[in-house]
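Please look through the structure below with the following report at hand. It takes up how some of the helices pack and then turns to the enclosed spaces.

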Amino acid sequence: MNRRDSIKALGLAAAGGALLLDGCGPETKTKQDAVVGGEKLAGVTDAEHRHNQQLLAEQFFTDHELATIGVLADIIIPADGVSGSATDAGVPDFIEFMVKDIPSYKTPMRGGLKWLDVQSQRRYGKVFAECAGKQQLELVDDIAYPAKAAPGMEQGVAFFGLMRNLTASGFFTSEMGVKDIGYVGNRPGVWDGVPEDLLKAHGFADGWG
Amino acid sequence: MISYQIKEDPTVYDAIVVGSGAGGGMAGYVLANAGLKVLMLEAGPFFDPAKDALQLRWPWESPRRGASTVRPFGDFDAAYGGWELDGEPYTRAAGTEFEWFRARMLGGRTNHWGRISLRMGPDDFKPKDGVTESWPITYEEVKPFYDRIDRMIGIYGTVEGIHNEPDGIFLKPPKPRLNELYIKRGAQKAGVPVIAGRGSVLTEALPGAEGRGTCFFCGQCGRSCRVYGDFSSSSCLVMPAMKTGNLTVIDNAMVREVLTNDEGLATGVSYVNTQDLQEYAVKGKLVILGASACESARLLLNSRSAAHPGGLGNSSGLVGRYLHDSTGASAGGFLPQLLDRKRYNEDGVGSVHIYSPWWGDNQKLSFPRGYHIEYGGGLHMPSFGYLNWVPDVNHLVPAADGQQHERGGYGASLKADYRRFYGANVGMAGRGTALARYDNYCEIDPARVDKYGIPVLRFHYKWANEEVEQAKHMQETFKEVLHEMGAIVSSPPPGPETLYGLEAPGKIIHEGGTVRMGDDPKKSVLNRWSQSHDCRNLFVVDAGPFVQQGDKNLTWTILALSMRTAEYILKERSKLNI
């Protein structure tokens, strides 16, 4: 079976090999249900599916905590000219799932959010989510840079590091984020080595270096 | 009321094969194609990559975005299993460690493996340094089987003429990715050879391979392949063997013990159905174990009888002994030359595009044998945690605007950093020879059973100086290679406090040696045909028979030896009284 037959076998290219010539991949026909884990994909075991459903049915964060997560996530990944923000990509729901999936995140996240509110209350007389944008950024500035954080801020730095990683994970694995980062694979193609112009630009004589 | 009656099938099969991975799959394939009536028992469910692969799924189709919480290699990886299975524990003796990976599914671990397909060399079978015992067979004896497997299953690579890294019959290898070209250049400057990878992926059509598609370069072999473009035992061996009409597969069948008669010959096996928990017994003229090195040892040790009081085939007392995995250590960094790199599809194949075969001269080194290096990095599919490294290193090079960032950060500039660094990472991992030692072993834990009531394994495994020195050398090599290619490394290499980053035994999933072959029944469990010294109609075809593996990933040798054993069985059938 040649490559064209392989692709036909995948059911991706009824019209033959044209797919390989244009730059576009197969349409993503993902149902929203599958995205949130509602529909069992072939190859996912029954036990795994039950486990996912169970996690999805639980609620860990309070509304207040989720609102604070949303504010922080959009500070970490705001909308710009290329793509939307972390909340546009559904990051708070993703983080809600992940702390149930990896329970060791639960206390650092809940406690970290509380730490942030206590700091905020002391400085500005309000919880973090209710502070003005400028105040929120002031506080984030104190915990977003591990190398220059002041003594006493270490716990905030650790929390922010976890929050930043979860936000980036959630954003850059979403449909919006994958497009933003410029990943263009996950589709049938032909690999014939590094494109000629790049070989030249990087000083390699040929595809084998 | 629950009945504990054992259901006996009156059929007497020509052969019963336990396990459906590389070893069991090949034995079943050869025997069924020769016309024998074969029964194969698999502890997990049926699995067909064409239907069950999570290939070409997007990260957002997993609620955990491919995180490794449920499956150790992430949600999309093909292996049903891991180092810990619910209700199937194992234990470790105090002060020792071992991690035991099991995949419960048709095809076993071959559904998700790295497809890195290396032959063991002449010096691996017959070592010249006297450090470990010789195999009873030579490379020359195994070579014809390696050749036939290359032709039958397909492997890419390049002919290099390296003495202990024998060439095969190769398909066209995939060219290196951009970061791999940098790696190659850097490694060569550091005196480390780099050659094309060797993987069982059909980079071009394989003559005679019916029903298998050609690779379309999604780089996802670990998810198993819907067009059978790579080697899995399920797609390439078991299902084709079923088509002969001679192979029957029973899935969800966890084998409890091998049954023997008064003369000590194998008569069949008993198993528990993992779904309805009913007990069964099946009869066969011979029994072939391909359950994986440790699972086959466990099965033998759990099969005690008057004729085999110490466990079946264990008159030598060596079943479970000489357990050895590969060594493994890794390092990584990023290439400033690849910041803000142009985007294009470099998924390539899911096995390695390049690797470094062992190059060292042991007379000048503090350890015997060696390791090979596998490389990675690049514009891969996003998954959970894949950009976590960026805020830790974004202060090490100026940003696109020439400004120096503080480490960490947030907002528009951090978002730009994620884009800037994506695909600039490089990684490398050594996989080396760990010595087979009598004192590293598994045995039956006298106090524990699994959820089926089957006594479990207790492991005794410790690394020794040879492995630690090898890991130290790996780290020194990685540092030089990374330096020579101009990579930036943000954290210091691991030192003696972590055994130089040496992974725990079992973590590399190359375990073997538990029923070693040999000519002397006192010093080995099996003969040179992987046939029990004590029980002539019992064979083992997984990595158990390995006397000592090289730094070559096991699968290609498991396949070659299993084919050789199966053909020996065909030739010897009359003498075996079957």
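## Helix 7 and helix 9

In this predicted model, helix 7 of chain A passes helix 9 of chain A in a left-handed crossing. The contact is formed on one side by Pro108(A), Met109(A), Gly112(A), Leu113(A), Trp115(A) and Leu116(A) of helix 7 of chain A, and on the other by Gln155(A), Gly156(A), Phe159(A), Leu162(A), Met163(A) and Leu166(A) of helix 9 of chain A. Sorted by class, this contact of helix 7 with helix 9 of chain A holds nine nonpolar and three polar residues, with no charged residues.

The axes of helix 7 (residues 106–124) and helix 9 (residues 154–172) of chain A come within 9 Å and cross at roughly 120°, which means that helix 7 of chain A is oblique to helix 9 of chain A.

## Helix 7 and helix 8

With helix 8 (residues 133–143) of chain A, the axis of helix 7 of chain A comes within 11 Å, and the two cross at roughly 125°, so helix 7 of chain A is oblique to helix 8 of chain A. This crossing of helix 7 and helix 8 of chain A is right-handed.

Trp115(A), Leu116(A), Gln119(A), Ser120(A), Arg123(A) and Tyr124(A) of helix 7 of chain A meet Gln135(A), Glu138(A), Leu139(A), Asp142(A) and Ile143(A) of helix 8 of chain A. By class, the contact between helix 7 and helix 8 of chain A has five nonpolar, three polar and three charged residues.

## Cavities

The count comes to five cavities of 30 Å³ or more, and the second largest cavity has a volume of about 80 Å³. Among the 14 residues that line the second largest cavity, the closest to its centre are Gln55(B), Cys215(B), Cys218(B), Cys221(B) and Cys225(B). The lining of the second largest cavity divides into eight nonpolar, five polar and one charged residue.

How values were computed: Residues are numbered from 1 along each chain as its sequence is written. Chains are lettered from A and ligands numbered from 1 in the order in which they are written. This is a predicted model: local features need pLDDT of at least 70, side-chain atom pairs count only at pLDDT 80 or more; totals for chains, interfaces and linings use all residues. Side-chain values use heavy atoms; hydrogens and water are left out. Axes are lines fitted to C-alpha atoms, for helices over the stretch in contact, and angles run from 0 to 180 degrees between N-to-C directions. Helices (H or I, at least four residues) and strands (E, at least two) are DSSP runs, numbered from the N terminus. Angles under 35 degrees count as roughly parallel, over 145 as roughly antiparallel, 65 to 115 as roughly perpendicular and the rest as oblique. A crossing is left-handed if the near helix is turned anticlockwise from the far one by less than a right angle, and right-handed if clockwise. Contact means heavy atoms within 4.5 Å. Ala, Val, Leu, Ile, Met, Phe, Trp, Tyr, Cys and Pro count as nonpolar, Asp, Glu, Lys and Arg as charged, and the others, Gly among them, as polar. On a 1 Å grid over the protein atoms alone, a cavity is a set of points where a 1.4 Å probe fits but cannot get out, and a pocket is an open set with protein on both sides within 12 Å along at least five of seven lines; lining residues have an atom within 4 Å of a point. Grid points are joined across faces, edges and corners, and a volume is the space filled by probe spheres set on the points.
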